[in-house]
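Trainee: Please pick one part of this model and take me through it closely, and then set that part in its wider context.

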Amino acid sequence: MSIAGVLAVTVVEAKNLSEEIDLCNPWVQLILDNHNYQATKTKNGDSNPKFDTKFTFNVQGHEKLKVKVWDEDKIEKDDLIGEDEIDISEVISKNYIDAWFDLTKDILEFESKGEIHLIIEFIPK
């Protein structure tokens with residue numbers, strides 16, 4: 001039996017976003033699955049943006065929440081700065097997580113592309 005409930009995610013802030021980009025216009029995308037995803041507004045010209053934006057997702061049997069930080073590009077497609085995956089079972093077991101998560105470009109790369117501060121709460125149904 002899978003546990004159902006609401007996952008409340010607050011994107012608080014990010015810091016030290018990739019030095020490869022001179023002028024960073026970051027926005028954050030939260031992805032539960034192909035049908036459940038939400039995003040913050042873009043913060044122009046800020047490598048240490050404060051978002052303070054809360055999102056909710058209905059979860060039932062989902063295992064991961066993917067977090068992607070993008071650099072908005074007005075001319076070409078947006079560039080991925082970094083990403084991480086949050087294990088939903090860990091959030092369920094603790095009910096509440098307030099932490100910084102490391103952003104990397106892919107699973108095999110350990111070089112940090114910055115950090116993101118999330119507050120994640122699970123509310124059972």
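Mentor: Let us begin with Lys74, which counts as exposed at 65% relative accessibility, where exposed means over 50% relative accessible area, buried under 20% and partly exposed in between, with a 1.4 Å probe and protein chains only. This is a predicted model, in which local features need pLDDT of at least 70 and side-chain atom pairs count only at pLDDT 80 or more, while totals for chains, interfaces and linings use all residues. Residues are numbered from 1 along each chain as its sequence is written, and side-chain values use heavy atoms, with hydrogens and water left out.

The side chain of Lys74 meets that of Glu72 in a salt bridge, at 2.4 Å from N to O; such a bridge is a side-chain nitrogen of Lys or Arg within 4 Å of a carboxyl oxygen of Asp or Glu. Glu72, with a relative accessible area of 22%, is partly exposed.

Asp71 gives a contrasting case, since Asp71 is buried and has no salt bridge, and the nearest side chain of opposite charge, that of Lys74, is 9.0 Å away. In this count Lys and Arg are positive and Asp and Glu negative, whereas His and the chain ends are not counted. The side chain of Asp71 does reach the backbone nitrogen of Asn25, at 2.7 Å, within the limit for a polar contact, which is a pair of N or O atoms within 3.5 Å; within protein, one must be able to donate a hydrogen and the other to accept it, and residues adjacent in sequence count only if both atoms are side-chain atoms. Asp71 belongs to strand 5, residues 64–71, where strands (E, at least two residues) and helices (H or I, at least four) are DSSP runs numbered from the N terminus.

Strand 5 also holds Lys66, and Glu85 lies in strand 6 (residues 79–87), so this pair ties together parts that are 19 residues apart in sequence. Lys66 and Glu85 form a salt bridge whose closest N and O atoms are 3.7 Å apart, and both residues are partly exposed, Lys66 at 26% and Glu85 at 39% relative accessibility. The whole structure has 4 salt bridges, and one of these joins Lys94 to Glu90, with 3.1 Å between the closest N and O atoms. These two residues are 4 apart in helix 1 (residues 88–94), a separation of about one helical turn, and Glu90 is partly exposed at 38% relative accessibility.

Asn95 lies in the loop between helix 1 and strand 7, and has a positive phi of about 70 degrees although it is not a glycine. Most residues other than glycine have a negative phi. Asp52, found in strand 4, is another non-glycine residue with a positive phi, near 45 degrees, and is exposed at 57% relative accessibility.

Strands 4 and 7 bring us to an open sheet of 4 strands, ordered 4-1-8-7 with antiparallel pairing, where two strands pair if DSSP finds at least two bridges between them. Strand 4 (50–60) and strand 7 (96–102) stand at its edges with a single partner strand each, so one side of each is left without a neighbour in the sheet. Strand 1 (residues 4–15) and strand 8 (residues 115–124) run antiparallel and are joined by 10 bridges, and Ala8 has Glu121 in strand 8 as its bridge partner.
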